[in-house]
Amino acid sequence: MCSPEATVAEDLGAVLGAVARTLQAEPDLDTTLTAIVTAALNQVTGTDYAGISLIERGKIRTVAPTDEVVTAIDEIQYRTKQGPCVDAIVTHEIYRTGDLTAETRWPAFTPAAAATGMRSMLAYRLFVSDTTLGSLNLYSRSLDAFSDQTERDGQLFASHAAIALTGAQTEARLQVALGHRDAIGMAKGILMERHDIDPVSAFQMLVESSQTTNMKLYQVAAWLVENRRELSPRGSTG
């Protein structure tokens, strides 16, 4: 006969497997983020709200919050540079608090956070290898909402979520790169036809326009493709 702990682990494993299949079917980044927080909300005991603090270009922003209060609390953390989510990202540890009104670790953060009615928080670093993606943040209006067992279950969930997130981010970057390549190829074709030049010369024209306008190469290409009908047959890109 299985122990209660083994049963919980099996149930959580089944849930994570189902989430993984969902993400594989719809691998775009927004879908992934929404699926992660929704599953956390539904499966991690004690959770009233959930969100993700995502690191982008050295800055942190909240994505896929399940309620506006999540964004409000996170903004306090980012402004004060204090709180469970910030520390989870910086120190690579799990942070849990069961009563924000009595919490002393983040004096600039906790009074404002407690004023929202939130009492418990649990934050996990989202990472793959040595790369920190952000943090998975769980919130509750109840005192001591998260137990030791909940913290362990959530850690397993956060590990799977990080893998799903990095996969979705890689896919998103690939799609952007492919889109840029297609736009540049189309722009080169337009210039080759209108100026009767070879591919190298067409690419050089794009580079020169990029330098002249202080725009990225793919932005010049996208502009040319979008406005090709308005340009004269022998017009230029600049």
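Trainee: Let me start with a single residue: is Thr110 buried or exposed?
Mentor: Thr110 is buried, because its relative accessible area is 3%, and buried means under 20%. Keep in mind as we go on that this is a predicted model.

Trainee: Which element is Thr110 found in, and what is Thr110 in contact with, leaving aside its neighbours within four places in sequence?
Mentor: Thr110 belongs to helix H5, which covers residues 110–114. Once the neighbours within four places in sequence are left aside, Thr110 is in contact with Leu100 and Glu103.

Trainee: Let's zoom out, then: how many helices and strands does the protein chain have?
Mentor: The secondary structure of the protein chain comes to eight helices and five strands, and from the N terminus on the elements follow the order α-α-β-β-α-α-β-α-β-β-α-α-α. The protein chain has 238 residues, of which 39% count as buried.

Trainee: In what order do the five strands form the sheet?
Mentor: They form an open sheet in the order E2-E1-E5-E4-E3, with antiparallel pairing. Strand E2 (59–63) and strand E3 (95–97) stand at the edges, and each has a single partner strand, so one side of each is left without a neighbour in the sheet. From one strand to the next, the twist averages 20°.

Trainee: And what packs on that sheet?
Mentor: Helix H2 (residues 29–43) packs on the sheet, where it touches strand E1 (49–56), E2 and strand E5 (131–140), and the direction of H2 makes about 145° with that of E1.

Trainee: How is E1 joined to its partners, say to E5 and to E2?
Mentor: E1 and E5 run antiparallel and are joined by six bridges, with Gly51 standing opposite Asn137 in E5. E1 and E2 pair in the antiparallel sense over five bridges, and there Ser53 stands opposite Thr62 in E2. E1 and E2 also form a hairpin with two residues between them, and Arg57 in the turn has a positive phi of about 55°.

Trainee: Is E1 mostly covered or mostly open?
Mentor: E1 is mostly covered, as six of its eight residues are buried.

Trainee: What about the E3 side, how many bridges join E3 to E4?
Mentor: Three bridges join E3 to strand E4 (residues 120–128), and the two run antiparallel. If you want a pair to look for, the bridge partner of Thr97 in E4 is Met121.

Trainee: Switching topic: which residues have the most contacts inside the largest nonpolar core?
Mentor: That core has 23 residues, and those with the most contacts inside it are Ile36, Ile52, Leu126, Leu136, Leu138, Phe157 and Leu165. H2, E1, E4, E5 and helix H6 (148–195) each supply at least two residues of this core. Apart from it lies another core, of 17 residues, including Ile73, Ile76, Cys85 and Phe109.

Trainee: Cys85 caught my eye, so which residues of H4 are buried?
Mentor: In H4, Pro84, Cys85, Val86, Asp87, Ala88 and Ile89 are buried, and helix H4 (residues 84–91) is mostly covered, with six of its eight residues buried. The buried residues of H4 pack against E1, E2, helix H3 (68–80), E3, E4 and E5. Just after H4, His92 takes a positive phi of about 65°.

Trainee: A positive phi again; which value does Asp144 have, and is Asp144 buried or exposed?
Mentor: Most residues other than glycine have a negative phi. Asp144, although not a glycine, has a positive phi of about 50°, and its place is in the loop between E5 and H6. Asp144 is exposed, with a relative accessible area of 62%.

Trainee: And where is Asn214 found?
Mentor: Asn214 is in the loop between helix H7 (199–213) and helix H8 (217–226). Its phi is near 60°, a positive value in a residue other than glycine, and at 72% relative accessibility Asn214 counts as exposed.

Trainee: Last one, about rings: what sits over the ring of Phe127?
Mentor: The charged end of Arg125 sits over that ring, 4.0 Å from its centre. As for rings pairing with each other, a search of the whole structure finds one aromatic pair.

Terms used:
Residues are numbered from 1 along each chain as its sequence is written. This is a predicted model: local features need pLDDT of at least 70, side-chain atom pairs count only at pLDDT 80 or more; totals for chains, interfaces and linings use all residues. Side-chain values use heavy atoms; hydrogens and water are left out. Helices (H or I, at least four residues) and strands (E, at least two) are DSSP runs, numbered from the N terminus. Buried means under 20% relative accessible area, exposed over 50%, partly exposed in between (1.4 Å probe, protein chains only). Contact means heavy atoms within 4.5 Å. Rings of Phe, Tyr and Trp (its six-membered ring) pair if their centres lie within 6.5 Å; planes under 30 degrees apart count as stacked, over 60 as edge-to-face and the rest as tilted. A charge sits over a ring if NZ of Lys or CZ of Arg is within 6 Å of the ring centre and within 35 degrees of the ring normal. Two strands pair if DSSP finds at least two bridges between them. Axes are lines fitted to C-alpha atoms, for helices over the stretch in contact, and angles run from 0 to 180 degrees between N-to-C directions. A nonpolar core is a set of buried Ala, Val, Leu, Ile, Met, Phe, Trp, Tyr and Cys residues joined through side-chain atoms within 4.5 Å.
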